[in-house]
Structure formats: structure tokens, C-alpha cells
Amino acid sequence: MTAVAANALSKSYVGGVRALDAMTLEIPRGAAFGLIGPNGAGKTTFIKLLLGIARPTSGEVRVLGRSPEDVEARARVGYLPERLHLPGAWKPPAYLRSIAALKGLRDAPLDALLGRVGLSGVQGRRIGGFSKGMRQRLGLAAALLGEPELLVLDEPTDGIDPVGRIEVRDLLLQEKARGATLLLNSHLLAETERVCDRVGILHQGRLVTTGTLESLRVTANTWELTLAPGFEAEKLSAAGLVAVGGGRFTVQAGDAAELNRVIDRARASGALLLKLEPQSRDLEQLLRDAMKEGAR
Amino acid sequence: MLKLLQVALDLIREAAWRKWFLGLFLTVTLVLVLLGLSLQLDVVDGAIAGSTLFGEVLFEEIRTVTSALSPLFMAVTVAASMGGALFLSVACSDFAPSLLSPGRIEHLLSLPVTRAQLLLGTWLGGVAVAAIATAYGTLGLIVLLGAKTGVWNFALFGGALVGVLVFATVFAAMMLAAVAVRSAAFCAAVGLATVVLGIVSSNRAAIARAIDPGLGRRIFEWAMVPVPKLGTLAVRAALISGHRLPDAAELLRLIGGAGLFSAGLLLVALFVFERKDF
Amino acid sequence: MRSRRWLYLLAAAVLLAVGAWLTSGGDPPAPVSFPKVHMPRGPEKEDRERARARAQSQPQQPKVVLEAPPGAPAPRPTDPVLAALPPQVKEVAMVVEANALRNSDLGEPLIACLTSGGGGDALALARDAGFDPLTQLDRVSMFDDTVMLTGDFKGLRLDDAAAEHYGDATLRERPRREGDDREPQLFATWRDQVALVGTREDVKHAIDRLEGRVAAGEQPVLRDSNAYGEMYGVLQPSAFASMFDELDPKLSQFIRGAAQSVELHVDAMHDVGMVADVKGGDAAQVDELRRMMGGAIAAMRAKAVAEGKNDAADVLDLSRVLAPKGGGTSFSMELGLPYELMKKQLERCAEAGKRRRAGRAAARDGGAG
């Protein structure tokens with residue numbers, strides 16, 4: 001079961017600007033998907049197409065198995081836009097009541113929801129007097145109304161202090177645990193890394209790579225070895241190890257037999273193995289590599 | 001339908017906090033209070049035996065309340081219909097552009113609400129704001145003069161209703177302007193222009209006669225064909241308020257013309273809105 | 001979805017077209033105007049021209065005092081209609097400018113109404129006798145039980161075998177109808193200009209006044225300055241009060257006590273505007289009466305509205321009681337009947353008359369058959 005399915009999805013704007021180029025993507029239900037990419041990569045365009053805010057030039061996108069134009073589909077989606085406009089003269093419960101009514105919800109637990117996003121005790125204050133972080137929390141509460149099956153969050157922790165970010169992250173993890181699918185667009189890669197189990201990297205409108213975070217992190221055929229002090233660097237280099245520094249080396253090996261042969265040669269030179277693991281990249285490295293690949 | 005009403009209700013709630021509307025309600029209240037304190041009516045068995053305003057004698061003769069007050073009711077209706085439409089064109093000019101503002105429209109479109117509901121709800125909300133302001137003023141005037149004379153002229157509500165239709169037409173044009181170009185200034189300009197065109201259209205035959213026969217006159221005549229006669233409608237509203245029932249068939253044609261014009265503009269606005277990406 | 005969007009545009013085009021068609025039917029806005037009826041508030045150009053024309057066309061005038069000595073009473077009116085009026089009336093003295101009415105905007109529908117029913121038979125009888133009221137009648141005046149007509153009676157063919165003469169007048173006994181128990185009536189003509197119907201005593205007194213045989217200083221109840229409008233006259237309070245007997249007995253009673261006289265003027269050249277000047281003795285009582293009259297108009301209007309008589313309600317909307325004058329001892333009341341309303345009423349009257357006449361003819365034919 002897929003929560004989001006895009007098939008050769010393209011969007012061009014007036015003037016020939018191609019914001020999204022034949023993007024094909026599937027996000028399974030229950031996944032926490034992080035969409036990353038530099039500014040102008042097409043992330044927001046994809047979200048807009050996903051929610052029917054903009055319409056594709058070609059291709060198709062399905063949300064929870066339905067067209068984004070279908071209000072039934074949108075009823076099961078919670079969305080937090082990047083720059084949410086909030087009515088300054090209203091108080092939080094009134095705003096949430098209005099959104100609940102537009103979502104067709106009755107008796108939504110507004111106070112509990114405000115508590116969940118860290119806004120308990122401000123029900124009587126007008127939104128106009130809220131800080132950016134408080135506004136963001138209120139927007140998040142609006143997105144969470146009705147326990148949506150798909151949560152689309154565009155920069156959800158923007159303007160929120162570090163402690164608040166942890167709270168929001170926990171909240172998103174709770175939602176994931178509930179079974180909701182998360183689609184996160186954040187420029188904070190660490191945040192994406194902590195919340196998401198799958199990522200997609202967009203560059204110049206194209207989906208450069210996508211998959212589980214684990215699979216993307218792993219660099220194919222490269223292993224990292226940590227050796228005890230007292231090794232002879234020249235002999236190790238001759239055995240096929242590349243020094244990284246601090247007693248760490250990398251090895252290129254096509255399979256386990258080859259890897260073991262290299263390790264045997266190193267041990268024969270007197271080196272003592274402390275740790276062996278496949279080499280992994282962080283999200284920043286991943287993005288950098290993907291962008292390089294995309295540029296080629 | 002409920003969602004459409006919710007959109008309208010949200011707009012009314014938002015408008016209630018705007019300085020424009022607080023000012024409008026304050027002004028209406030102030031005028032009513034001033035009138036209540038200053039207008040002295042000498043009433044005898046349902047007739048008015050004399051009247052003073054701010055101590056100045058308006059008239060001393062005795063006439064029936066209806067005939068004495070109907071010029072007042074009629075003047076108020078025309079002033080409220082046309083003046084109100086002009087005022088509200090400016091005061092409501094950012095309703096639709098605000099609906100379409102970045103950060104708001106994306107959020108609204110992500111909700112299970114159709115674009116038609118958003119557009120029509122906003123239009124309905126704007127018209128409801130005008131109707132509430134009109135009803136407030138109308139009720140105030142009826143109560144004020146009713147308390148002073150013992151005669152309750154509920155016909156003023158009929159006139160007010162037709163008067164609100166004038167603004168409903170103007171606001172439909174403003175909605176179309178907003179979805180085409182998201183600018184409050186442009187919206188206000190279109191609103192004001194619609195009021196003026198509505199008056200010009202009401203006098204189209206006389207104005208056409210004043211234009212030299214030829215292409216210019218023909219262009220004018222053709223341009224005026226779809227424009228409803230808002231000036232005539234305001235005058236007919238005044239007649240209703242003043243207990244002088246206008247010709248029903250003509251009134252229905254005028255109301256129908258304005259109503260269909262509004263519906264047509266809203267459909268064009270919907271066509272543009274549905275095609276638009278945000 | 002896309003096809004639905006184009007459907008919006010198509011529907012919009014249809015709505016705008018139908019809307020344009022509907023709008024094209026509306027008339028240009030008539031300026032907000034309040035129906036105004038001209039009220040007779042004093043002699044106007046037409047009244048003065050009428051008086052001047054009459055003075056020129058009447059070489060034989062009643063005796064007049066040409067040079068009044070200082071302190072002498074004011075001269076009597078030269079107009080025979082005014083001159084014939086008594087100094088006091090028991091109930092009413094009223095003059096109708098029949099010729100002016102006939103030539104007014106309402107003249108045609110008025111004549112159609114008057115001649116549609118039994119009036120048509122009376123007209124035929126008068127014409128047979130050599131007098132055409134439509135061309136030869138100038139004015140009609142009524143003072144109490146006497147009716148006086150002025151006009152051209154030269155061609156009148158009457159049986160004068162039993163006639164007697166009084167001054168310049170010829171008096172004839174009017175044949176009495178069966179069951180008529182009133183005092184015997186005379187029909188008198190005076191110098192081919194005036195015809196009078198009334199009791200012997202009243203007619204003779206009128207002729208005396210016409211020929212100047214009056215007590216020194218005696219003035220008729222209406223003077224030249226009162227002769228304006230197409231109808232004018234005076235009513236005694238009791239006559240005026242009796243108009244309100246049914247509607248408001250309390251008001252009727254009050255009029256009898258507070259009013260001394262009521263002068264009435266009607267302008268009917270286009271619309272019908274009536275002004276009643278009510279005079280009284282006590283300012284406080286007159287003011288109370290003024291307010292009661294205003295209240296009565298409002299009550300009549302409310303009743304008319306309740307009964308669905310919108311025309312009557314509109315007429316009463318044009319009614320008003322003016323501010324007091326003469327130190328508070330008099331005031332005026334106005335009542336306006338718009339031209340369109342009057343025309344409609346007179347046309348209805350003519351239609352009803354025609355129907356009555358046709359009904360009578362059918363009944364006669366049926367009886368004969």
C-alpha cells in the first residue's frame with residue numbers, strides 16, 4: 001500500500017521554468033519520508049502537486065490511492081505549509097475550530113491537541129501576539145487535527161527553539177508510531193535524519209536518488225577498518241589499505257573473500273584489527289554526492 | 001454547503017476585527033444615537049405634528065408618519081445602497097486577495113474544501129458582512145423612529161435587502177478581479193468602477209443619446225448591454241422603503257438581471273480560480 | 001475536471017446573456033419624486049383671468065357703489081354668483097366652476113362619468129329644453145337649499161303661461177313629484193344669465209341680492225377674495241363635523257365646539273387639491289382640534305392599509321394639517337388626489353354607469369319581450 005505515488009510527474013511554469021521533471025516516486029504507508037534538496041530543487045512544487053494546490057503539466061500523482069483533487073483524499077491529509085498565514089485577531093481554539101469544521105470534524109479534542117504541541121495555557125491569547133515558534137506549533141496542531149493518515153510538513157521546526165525541536169521531533173515520531181505516513185521537507189538534515197527512515201533527493205527538478213536511509217548511507221564495496229597502534233603504514237598500503245587517519249583505514253573489496261584476503265595481508269604485516277564496518281555517509285555527504293551525480 | 005457557510009463565517013469573524021468595520025459600526029451607532037437625541041417628533045395618534053432636528057424646526061404641519069418619514073427612508077436607502085456599495089468596495093477590497101495570499105491559500109486548498117466552496121464562501125461572507133451592517137443600521141433606524149412615532153416601518157428591510165443586492169453584484173465583480181490579479185487596490189478599483197458603471201448603465205439610453213451617432217455610440221451601447229442597472233435598483237429599493245411599491249415585473253427583471261450578472265461573474269471567477277496554480 | 005471548468009465558462013456566458021436580456025427591460029431610473037398635488041392657497045393666474053373675462057362679458061352688472069364715502073361699508077361683489085349669496089348660511093355655500101372643470105385635464109373623464117348613467121338622461125332632457133349644460137353652463141352654486149346656475153339660458157324653451165315676474169326674474173312653479181313633501185319649489189331665470197331653484201322665499205331673496213336690494217353694509221358669505229379654485233365655499237362647523245360623525249364621533253363633537261367656520265377650496269385643473277381653512281375662537285382648542293384632525297388622517301390611513309385600500313392610503317399620505325396661523329386661532333388642512341388616481345376613479349365610474357345603463361336597457365327589452 002502506498003501513501004504517495006508519483007508517476008513521471010512534471011511541472012513547468014509560465015516562461016518555461018521546469019520545476020519538476022518526470023519524477024517517479026512511491027512512499028509506502030507508515031513511512032517517514034524526508035524530501036531533501038537545495039533551494040529551487042522542486043520540493044515545494046512536489047508538495048503542491050501532491051495536495052492539488054498546483055496541477056501537473058504531465059504525469060500523475062496519487063495520494064492515499066486517490067487524485068489530489070478528491071476532497072476525500074485531502075480529508076485524510078494534514079498539511080503544514082512553510083509560511084502559514086494565521087488570523088491574528090483570533091484565539092487558538094477558534095482557529096482550530098474553524099479548521100476542524102472545514103475538515104468536517106466534530107468534537108475534536110482541541111485543548112489536548114494544543115497541549116500536545118506545547119501551547120497549553122495560551123488558549124486565551126490572540127494569535128497576533130504569538131512568536132514564530134508558537135505560530136509554527138499552532139500550524140502543526142492544525143495539521144494534526146483529525147489524526148490524518150498522511151502528514152505533509154514543510155519546514156515544521158522553522159522558528160522553534162532547540163528544546164522545542166526535540167518536542168516536535170518526538171511528536172512526529174509518535175505520529176509515525178500511530179501509523180501515519182510522514183512527508184517531511186526540512187532544510188535541517190539532522191532533523192530529517194533523526195525522524196525519517198526513507199529519503200528522496202531532489203536536484204533541479206529531478207529525483208536523483210531515493211530509498212531507505214540505511215541503504216543510501218552505505219557506500220558500496222567500501223569498508224572501514226580501525227587498527228591498534230603499532231602498525232606499519234607502508235606495509236598496510238601495500239596490502240591495499242588506504243589511511244584515513246587516527247588508525248582508521250578504508251578497503252575496496254568486491255566481496256567477502258576479497259575483503260578477508262586484504263585483512264589477512266594486513267594482519268600478516270603485524271597489524272591488529274579492532275573494528276570492521278561498512279563505510280557509511282551522513283545525509284550531508286549523501287546530498288553532496290547526489291548533487292554531484294545529478295550535475296553529471 | 002456547510003463548508004461554504006464555514007468559509008463565509010470565518011470571513012465574517014475576520015471582518016469583525018477589522019478597523020474598517022469597527023469604524024463602520026461605530027459610525028452607524030453614532031449617527032443613530034445622535035439622531036435619537038436630536039430629532040424631536042411631536043406625535044399625535046400616528047401622525048407627526050412637527051419635528052425639530054438639533055433644535056431647528058423641520059416642519060410644523062401634521063401629516064401621517066408614513067408620508068412624513070418616507071422621504072427620510074427613501075433618502076437613507078439610496079444613500080446606503082450606493083454610498084454603502086462605494087464604501088464597502090474599498091473596505092472589502094482585500095477579502096478575496098487575502099484569501100489568495102501565500103501561506104493561506106495553500107493551506108485552505110490542502111483542506112477537504114473545493115475551490116468553488118472557497119470562492120463562493122468568500123463572496124457570501126462579503127455579502128453577509130454588508131447585510132449585517134445594513135441590517136444593523138436598518139433595525140436601528142426602525143427602532144429609533146418606531147419608538148418615537150409608534151409606527152414600525154419594516155418595509156425599510158425590503159429596501160435594504162434590494163440595496164444589499166447592489167453590493168452583492170459589485171462584490172462578484174471584485175471576486176473576479178481578485179482571482180485574476182491578486183491586488184486589493186485593483187479589487188477596490190474594479191468595485192468602484194462597477195458601481196459607477198451600474199449608474200451609467202441605469203442611464204444608458206440618455207447617455208447614448210448624448211454621444212454622437214456612429215461607432216462610439218454603438219460601442220457604448222454594446223458595452224452597457226451586460227451591465228446591470230444598479231442605479232435603478234437603488235432607486236427601486238428606495239421606493240420599497242418609502243412604501244411606494246415599484247412595478248413588480250420591472251423590479252424582478254432588475255433583480256434577476258443583477259443576480260444573473262453576479263452569478264455569471266462568479267462562474268468566470270471560478271473558471272479562472274480552478275485553472276490557477278498557487 | 002477540465003471539461004467541468006469549461007462548463008463553468010459556458011454557463012457563465014448563458015447567465016450573462018440572460019441577465020443582459022432581463023436588464024434591458026428595466027426603465028431608466030425615474031428620479032425619486034414625491035407625488036405633489038397643487039393646492040389652492042389663494043387666487044392664481046387662472047382665477048384672475050376668469051374673473052376678468054366674466055367682468056368684461058357682463059355689461060349688465062348689479063348696482064355697485066362707484067365712489068364710496070369715507071367710512072362706508074366695502075362694496076358688494078360685482079360677480080352675480082357671489083352677489084346672490086346670503087350673508088350667512090345654515091350649513092353650506094359652495095360654488096363649482098363647471099366650465100373650468102369641463103376644460104380641465106379631468107374634464108373628459110368627469111363628463112364621461114356624469115353622463116354614463118342616469119346623468120345621460122338628464123343631459124338629454126336639458127338639451128331638449130334648449131340648454132346644453134356641456135357648452136352653456138358656466139358655474140353652479142349651492143347655498144343651503146338653493147341651487148343657482150349661471151350660463152347662457154337664452155335658448156331655454158319653457159312654458160311661461162303661468163310664470164310671474166319678480167324684478168328682472170321670471171319665476172315658475174316646479175311641478176312636484178309624487179311623494180315629494182318638501183316646500184313647493186320655484187324655477188327662476190334672471191336676465192338669461194342665471195337660473196335658480198329653491199323655495200319661493202329663498203329664490204326671491206337671492207334675486208333681491210342680485211339686484212342690489214340689500215341692507216346697507218350687508219356682505220355675501222363669500223367675497224371676491226374667496227373666489228379661487230375650481231370649487232370654493234364655506235361650511236358651518238356642524239356641516240363639517242357631520243363628515244366625521246361615523247369615523248370619529250369624538251372629533252365630530254369637538255369640531256362643533258371648537259370651530260367657528262370652515263372655508264374650502266378645491267383646485268382641479270390637473271390633480272385635485274383641497275384646502276380647508278378651519279377658524280376657531282380659542283387658540284388652545286384650535287390647536288387641540290388641529291392635532292385631532294392630524295390623528296384622524298393617520299387613523300384613516302391605518303384603516304385603509306388594514307383594509308387593503310392602497311389608493312386611499314396613498315391619498316391620505318398626501319394629506320397634512322398645516323401649522324397654526326392667525327395667532328393660533330386657525331389652521332389649514334390639505335388633501336391631495338393625484339391626477340392618475342382621479343382619472344382611474346372617473347373611468348371606473350363611467351364603466352359602471354355604462355354597465356348600469358346596459359343592464360336597465362336589457363331589463364326593459366326583456367320586459368317588453
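Of the 296 residues in chain A, 39% are buried, and I should say at once that this figure, like everything that follows, comes from a predicted model. In secondary structure, chain A has 11 helices and 13 strands, and its C-alpha atoms fill a box of roughly 75 × 45 × 35 Å when that box is taken along the principal axes. If we take the contacts in chain A between residues at least 6 apart in sequence, 68% of them join residues at least 24 apart.

Let me turn to the domains. The assignment divides chain A into domain 1, covering 2-204, and domain 2, covering 216-295, and the C-alpha centres of these two domains of chain A lie 40 Å apart. Where they touch, domain 1 of chain A contributes eight residues and domain 2 of chain A contributes seven residues. Which elements give two or more residues to the domain 1 side of that contact in chain A? They are helix H7, residues 189-195, and strand S8, residues 198-203, both of chain A. As for the character of this side of domain 1 of chain A, its residues divide into four nonpolar, three polar and one charged.

Finally, a word on chain B, where I would like to look at helix H3, which spans residues 65-91 and has a kink of about 30 degrees centred on B:Gly84. Is H3(B) largely enclosed by the rest of the structure, or largely open? With 19 of its 27 residues buried, H3(B) is largely enclosed by the rest of the structure, and the burial count is the reason for saying so.

Technical notes:
Residues numbered from 1 in each chain as written. Chains lettered and ligands numbered in written order. Predicted model: local features only at pLDDT ≥ 70, side-chain atom pairs only at ≥ 80, totals over all residues. Helix = DSSP H or I, 4+ residues; strand = E, 2+ residues; numbered from the N terminus. Buried ≥ 20, exposed ≤ 12 C-beta atoms within 10 Å, placed from the backbone. Contact = placed C-beta atoms within 7 Å. Bend = angle between axes of the 7 residues up to and from the residue. Domains from an automatic or database assignment. Nonpolar A, V, L, I, M, F, W, Y, C, P; charged D, E, K, R; others polar.
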